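Trainee: I should like to understand the terms used for this model before relying on them. May I put some questions to you?

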Amino acid sequence: MIADVLAETTSRMSRAVEAAKEDFSTVRTGRANPQLFQKVLIDYYGTPTPLAQLASLANQEARTLIITPYDKSALKAIEQAIRDMPNLGANPTNDGNLVRVTMPELTAERRKEYVKLVKSKGEDAKVHVRGIRRKAKDELDGLKSELGEDEIARGEKELDALTRQHVDLIDDALKRKEAELLEV
């Protein structure tokens, strides 16, 4: 029973860590990265549609991204959605066949703002992992009547180790992203 609770908790914590890494990847660095556009929704015939479903994305250069829509009628909508995207600062150009997005250089001040944003996202992820831990601890406490206190205490120690491990994974991803942001 304790093993089941810990297995479910491990799975949920791992998903939380992956979600945090995915969230970090949406914060732009000095380079153009197709993952920056993961959360861009295009109004395609009245339906919000993810950009990846409407077009292919490719890096042309370090700071230039080429977006080739599968349907040319979506060009204007794609261009507008990218222009309206907050925290990007990119100015897309449309040549009738594709959209070319050139990322501007990041200033030192802007880099520091992005580091703060990433740290905030990292803290949110750690809070989420701790919430998963709290729920698992409640489940373990519910098993006290069926199992002995020693087994529950052992399970809680394993739970704490799992939590520490997943928080460390988030911290590592945060450090990598911070180094990437501050790299000139």
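Mentor: We shall take the domains and then a pocket. This is a predicted model, in which local features need pLDDT of at least 70 and side-chain atom pairs count only at pLDDT 80 or more, while totals for chains, interfaces and linings use all residues. Residues are numbered from 1 along each chain as its sequence is written, and side-chain values use heavy atoms, with hydrogens and water left out.

Trainee: How do you know which residues belong to domain 1 and domain 2?

Mentor: The bounds come from an automatic or database domain assignment, which gives 1-26 + 107-182 for domain 1 and 34-102 for domain 2. Contact, meaning heavy atoms within 4.5 Å, takes 7 residues from domain 1 and 6 residues from domain 2.

Trainee: What makes up the area buried between domain 1 and domain 2?

Mentor: Buried area is the accessible area (1.4 Å probe) that two parts lose on being put together, summed over both. Here that area is about 560 Å², with carbon and sulfur atoms giving 43%. On the domain 1 side, Ser-25, Thr-26 and Tyr-114 lose the most area, together 64% of what that side buries.

Trainee: Why is the second largest pocket called a pocket and not a cavity?

Mentor: On a 1 Å grid over the protein atoms alone, a cavity is a set of points where a 1.4 Å probe fits but cannot get out, whereas a pocket is an open set with protein on both sides within 12 Å along at least five of seven lines; lining residues have an atom within 4 Å of a point. The second largest pocket is therefore an open set by this definition. Its lining includes Lys-21, Phe-24, Arg-176 and Glu-180.
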